[in-house]
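Here's a quick tour for anyone meeting this structure for the first time. Have a look at the picture, then read on.

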Amino acid sequence: MTHAAQSNSMGLAEGDKGDKGRCAIVTGGSEGIGLATSRALAANGAYVFMLGRDAAKMQTAIAETDPAIADRLVPFIGDVTDASTRQALVAATVERFGGPDILVNNAGGGSENRFLEDIDQDDFHRVMALNLDSSFDLCRLVVPFMKARNFGRIINVSSVAGRDAGRLSGPQYAAAKAGMIGMSRHLSRDLGPFGITVNSVAPGFVMTDRAYRKWEKRSDKERAAMLDGVPAGRFGTPEEIAAAVLYFASELSGYTNGACLDVNGGSFRA
Ligand SMILES: NC(=O)c1ccc[n+]([C@@H]2O[C@H](COP(=O)([O-])OP(=O)(O)OC[C@H]3O[C@@H](n4cnc5c(N)ncnc54)[C@H](OP(=O)(O)O)[C@@H]3O)[C@@H](O)[C@H]2O)c1
């Protein structure tokens, strides 16, 4: 290939695709990592359906976004654990864009109890439903549209807890997040022949509001131990996680399939 044939484009914008920009779904898009991801995708030309439950929070998130890209953010209110919400979300992308090109399964978390003895089966299933079941179902719902275009990008937001062990979260969360990585790897084999990549990102600790609520309950000793474990000497930012998701969502990553990218300041390396 000559240098002239190469492009700096991420392949998400109008013109890259020949008609409208790429269409993306980001679950949990109104805050934290999901909001930073939605903004990064929109800044690179994609139209982003952002899912969240709280309409006022969503409205504020869009109002506080650079007006130059805010019109590419499409709010969608609902709970990702609700099957009819997931179906309606995908249907909305079909109506406006013929289906999603990019799916970011980001909504997650939910493990308040950290120790086995405090976790009952309902708690386990609640965390699995939020993180893993919803991601599995959304993959199932979007793939027919991606296959029809011979293009798709699925990114599952896992966690260092699914690679190693969580310090602020429990084994139910580790199980769900490890499940997302295993599912991504398996789907990458099945879907690769259709131009669809499925990768995961495993963030270390990122001080979002939700993470802060857990952090503030920990002792000074526990906090110091967490920070000591990060060679970078600091925690990550939502934008640093979004940058990894953006790469997997772009045309540039077409030959990267089934990977899990650790974005954790060096605290865990496979
Ligand atoms: N922060 C970290 O340190 C960290 C580390 C590793 C992995 N992660 C993972 O990264 C992802 C994002 O974490 P975050 O810290 O950025 O979260 P966050 O700041 O708490 O943001 C959560 C987003 O998800 C939405 N949301 C939550 N539950 C939802 C539901 N049931 N249905 C639809 N939307 C829902 C929230 O809006 P509403 O409340 O309005 O619904 C909000 O937009 C999660 O999967 C988490 O497990 C985070």
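A residue counts as near a molecule when one of its heavy atoms lies within 4 Å of it. Keep in mind that this is a predicted model.

Let's start with the ligand. It has 31 residues around it, and those that come nearest are Ser30, Lys57, Asn106, Tyr173 and Thr208. Sorted by type, the shell around the ligand holds 11 nonpolar, 13 polar and seven charged residues.

Some polar contacts of the ligand are listed here.

| Ligand atom | Protein partner | Distance |
|---|---|---|
| oxygen | N or O atom in the side chain of Lys57 | 2.7 Å |
| nitrogen | polar backbone atom of Val80 | 2.8 Å |
| oxygen | polar backbone atom of Gly109 | 3.4 Å |

How much of the ligand does the protein bury? On its own the ligand exposes 890 Å², and 94% of that is buried by the protein. As for the elements, α1 (32–43), β2 (47–52), α6 (171–191) and α7 (209–215) each give two or more residues to the shell around the ligand.

Now step back to the whole chain. It has nine helices and seven strands, and its C-alpha atoms fill a box of roughly 55 × 45 × 40 Å along the principal axes. Is the chain's radius of gyration what a compact globule would have, and what is that value? A compact globule of 270 residues would come out near 18 Å, and the chain has 18 Å, so the two agree.

Of the 270 residues, 51% are buried. Taking contacts between residues at least 6 apart in sequence, 75% join residues at least 24 apart. On the outside, the chain exposes about 12700 Å², with carbon and sulfur atoms supplying 52% of it.

Notes
Residues numbered from 1 in each chain as written. Predicted model: local features only at pLDDT ≥ 70, side-chain atom pairs only at ≥ 80, totals over all residues. Heavy atoms only, no water. Polar contact = N/O pair within 3.5 Å; in protein donor to acceptor, adjacent residues only side chain to side chain. Areas by Shrake-Rupley, 256 points an atom, 1.4 Å probe, with all protein chains shown as cover. Helix = DSSP H or I, 4+ residues; strand = E, 2+ residues; numbered from the N terminus. Nonpolar A, V, L, I, M, F, W, Y, C, P; charged D, E, K, R; others polar. Rg over C-alpha atoms; globule rule 2.2 N^0.38 Å. Buried < 20%, exposed > 50% of the residue type's maximum accessible area, 1.4 Å probe, protein only. Contact = heavy atoms within 4.5 Å.
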